[in-house]
Amino acid sequence: MVLLQACATGQLMTMGEFYHVPLGMKEEEIVEQFGSPESITNEEGGQVAYHYVERLTNGLRVIEERYYSFIFMNGALVGKRVSQENTPPYQINSYDLQTTYGDESPPEED
């Protein structure tokens with residue numbers, strides 16, 4: 001698989017936006033609506049996958065990431081995939097969940 005990195009420049013991808021994208025949509029239309037994907041991979045059978053990531057945060061901590069993939073064949077959308085990854089509860093510091101930081105860094109942990 002070939003992996004190309006790109007900067008995200010469009011609207012934030014959300015679960016609602018993802019589910020409203022119809023099959024048959026063109027690659028250019030996806031990029032126009034959501035910006036450049038975070039990465040692009042070549043998949044088997046000549047398919048190409050555009051990958052977008054939604055990061056849900058609480059303060060400075062990412063608590064969940066959702067990965068959205070659009071699968072194209074000959075420039076048209078033929079499939080979609082979504083997966084999500086939650087931060088394990090033992091990695092969440094209760095102080096961080098209750099505190100909002102301005103432009104300053106969080107206090108160092110002991």
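# A guided tour of the predicted model

Begin with the whole chain in view: buried residues, meaning those under 20% relative accessible area (exposed is over 50%, partly exposed in between, with a 1.4 Å probe and protein chains only), make up 33% of the 110 residues in the protein. This is a predicted model, in which local features need pLDDT of at least 70 and side-chain atom pairs count only at pLDDT 80 or more, while totals for chains, interfaces and linings use all residues. Residues are numbered from 1 along each chain as its sequence is written, and side-chain values use heavy atoms, with hydrogens and water left out.

Switch next to a cartoon view and follow the chain, where you will find three helices and five strands, these being DSSP runs (H or I of at least four residues for helices, E of at least two for strands) numbered from the N terminus. Read along the sequence, the pattern is β-α-α-β-β-β-β-α.

**Stop one: the hairpins**

Select strand 3 (48-58) and strand 4 (61-73), which pair in the antiparallel sense over 11 bridges; two strands count as paired if DSSP finds at least two bridges between them. Within this pairing, Ala 49 has Ile 71 of strand 4 as its bridge partner. Two residues lie between the strands of this hairpin, and there Gly 59 takes a positive phi near 70 degrees.

Now add strand 5 (residues 76-86), which pairs with strand 4 in the antiparallel sense over 10 bridges. Along this second pairing, Glu 64 stands opposite Asn 86 in strand 5, and Tyr 68 stands opposite Val 82 in strand 5. The hairpin of strand 4 and strand 5 also has two residues between the strands, and Asn 74 takes a positive phi near 55 degrees.

**Stop two: Gly 75**

Stay in the loop between strand 4 and strand 5 and select Gly 75. Is Gly 75 buried or exposed? Gly 75 counts as buried because its relative accessibility is 18%. Leaving aside residues up to four places away in sequence, Gly 75 touches Met 25, Lys 26 and Glu 27, where a contact means heavy atoms within 4.5 Å. If you measure from C-alpha to C-alpha, Gly 75 and Glu 28 are 8.2 Å apart in space, although they are 47 residues apart in sequence.

**Stop three: helix 2**

Move on to helix 2 (27-34) and select its buried residues, which are Glu 27, Ile 30 and Phe 34. Seen down the axis of helix 2, these buried residues fall within an arc of 65 degrees, so they line one face of the helix; the arc is that of the directions from the helix axis to the C-beta atoms. On the face turned away from this buried side, helix 2 carries the exposed residues Glu 28 and Glu 32. The buried residues of helix 2 pack against helix 1 (15-19), strand 3 and strand 4. Just after helix 2 comes Gly 35, whose phi is positive, near 85 degrees.

**Stop four: the nonpolar core**

Finally, show side chains for the largest nonpolar core, which has 14 residues, with Met 13, Val 21, Ile 30, Tyr 50, Tyr 52 and Phe 70 having the most contacts inside it. Helix 2, strand 3 and strand 4 each supply at least two residues of this core. Such a core is a set of buried Ala, Val, Leu, Ile, Met, Phe, Trp, Tyr and Cys residues joined through side-chain atoms within 4.5 Å. Select Ile 30 last: not counting residues up to four places away in sequence, Ile 30 touches Val 21, Met 25, Gly 35, Tyr 52, Phe 70 and Phe 72.
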